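Hi everyone, and thanks for coming. I'd like to walk you through a structure that is probably new to most of you, so please have a look at it before I start.

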Amino acid sequence: MSMAIQTSLFDAAPEVVLLSLPDGVLRQELGRGAWVDLFPGWMTGADGLFDTLLTKVDWVEERRQMYERVVLVPRLLRFYDEHEELPDPALTRARAALNGHYEAELGEQFRTAGMCLYRDGRDSVAWHGDTIGRGKSTDTMVAIVSLGSSRHFLLRPRGGGATIKHQIGHGDLLVMGGSCQRTWEHAVPKTARPVGPRISIQFRPRGVR
């Protein structure tokens, strides 16, 4: 895949380093039993990882039924089930670090990894919750590592309410927990401003999509 990127805008450290989660993660209580943890710059030195995922992952362009027509999903996708090897050892280390920090609270481990490639500002994800599977009825967690260009990540209560906006950038970690998938929705909106590619890695427990 050929895509223009400017790695000088990112973190040019020689290798991926994961900062201490207990020392840097901050929790934001959303209400209704939902919360979000944020750790800007959790993963440093991730330029090489970004390039590897951008060029080596077998990205899929999906089509989905929308009412009476089939449309292209406005981003590229790849899902790694729990028995698949992740495309870079840094992601295996990241998942292990997340499990070390969150397993006691979650009651289980993160096992799968979904990936989205937002090629430019025209790619997006609409308002939704990860409610396919157990997330529809059970509290769970989704841990998102963002690589590449900065994008807005929006949250709003289901049924209406004020929107919360976070600017998520290269190496940032965002974890949605508690009832967040059932009582809140999240989105990455389109943008008219010029932005480069962004890769989102979503670590989830078994049976949550």
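I'll go from the whole chain to a group of rings, and then to a few single residues.

One thing to say up front: what you see is a predicted model. Let's begin with the overall picture. The chain holds 4 helices and 15 strands. Along its principal axes, the C-alpha atoms fit a box of roughly 45 × 40 × 35 Å. Is that what we would expect of a compact globule? What does the radius of gyration say? For 209 residues, a compact globule would come out near 17 Å, and this chain has 16 Å, so the two agree.

Now, the inside and the outside. Buried residues account for 48% of the 209 in the chain. The exposed surface is about 10,200 Å², and carbon and sulfur atoms supply 51% of that area. As for charge, there are 26 positive and 25 negative side chains, and the centres of those two sets lie 7 Å apart.

How much do contacts join residues that are far apart in sequence? If we take contacts between residues at least 6 apart in sequence, 79% of them join residues at least 24 apart. Please keep that number in mind, and let's turn to the rings.

How many aromatic pairs does a search of the whole structure find? The search finds 2. One of them is Trp35 with Tyr102: the ring centres are 6.5 Å apart and the planes meet at 10°, and planes under 30 degrees apart count as stacked, so this pair is stacked. The two partners come from distant parts of the chain, with Trp35 in strand E3, residues 34-39, and Tyr102 in helix H3, residues 89-106, which puts them 67 residues apart. Are these two residues buried or exposed? Both Trp35 and Tyr102 are buried.

Tyr102 also pairs with Phe110, and this pair is edge-to-face, with 6.3 Å from centre to centre and 85° between the planes. Phe110 is buried, as is Tyr102. Put together, ring pairs link Trp35, Tyr102 and Phe110 into a cluster.

Let's stay with helix H3 for a moment, since Leu91 is found there too. Leu91 has a relative accessibility of 1%, and the cut-off for buried is under 20%, so Leu91 counts as buried. What does Leu91 touch, leaving aside neighbours within four places in sequence? Its contacts are Leu49, Leu53, Leu86, Met115, Ile201 and Phe203.

Next is Pro87, in the loop between strand E7, residues 76-80, and H3. Pro87 has a relative accessible area of 27%, which makes this residue partly exposed. Beyond its neighbours within four places in sequence, Pro87 is in contact with Thr52, Leu53, Val57, Tyr80 and Met115. Val57 is 30 residues from Pro87 in sequence, yet their C-alpha atoms are 7.0 Å apart in space. You may have noticed that Leu53 and Met115 are in contact with Pro87 and also with Leu91.

Two more loop residues, and then I'm done. Arg32 is in the loop between strand E2, residues 26-31, and E3. What stands out about the backbone of Arg32? Its phi is near 60°, a positive value in a residue other than glycine. Away from its neighbours within four places in sequence, Arg32 is in contact with Pro157, Arg158, Gly160, Ser179, Thr183 and Trp184. Arg32 and Cys180 are 148 residues apart along the chain, and their C-alpha atoms are separated by 8.1 Å.

Finally, Gly196 sits in the loop between strand E14, residues 184-188, and strand E15, residues 198-205. Gly196 is partly exposed, at 22% relative accessible area. Not counting residues up to four places away in sequence, Gly196 touches Tyr118, Arg119, Asp120 and Ser149. The C-alpha atoms of Gly196 and Gly148 are separated by 7.4 Å, with their positions 48 residues apart along the chain.

If you take one picture home, let it be the cluster of Trp35, Tyr102 and Phe110, linked by ring pairs. Thanks for listening!

Conventions. Residues are numbered from 1 along each chain as its sequence is written. This is a predicted model: local features need pLDDT of at least 70, side-chain atom pairs count only at pLDDT 80 or more; totals for chains, interfaces and linings use all residues. Side-chain values use heavy atoms; hydrogens and water are left out. Helices (H or I, at least four residues) and strands (E, at least two) are DSSP runs, numbered from the N terminus. The radius of gyration is taken over C-alpha atoms; the globule rule is 2.2 Å times the number of residues to the power 0.38. Buried means under 20% relative accessible area, exposed over 50%, partly exposed in between (1.4 Å probe, protein chains only). Contact means heavy atoms within 4.5 Å. Accessible areas come from the Shrake-Rupley method with a 1.4 Å probe; for residues, only the protein chains shown count as cover. Lys and Arg count as positive and Asp and Glu as negative; His and the chain ends are not counted. The place of a charge is taken as NZ of Lys, CZ of Arg, CG of Asp or CD of Glu. Rings of Phe, Tyr and Trp (its six-membered ring) pair if their centres lie within 6.5 Å; planes under 30 degrees apart count as stacked, over 60 as edge-to-face and the rest as tilted.
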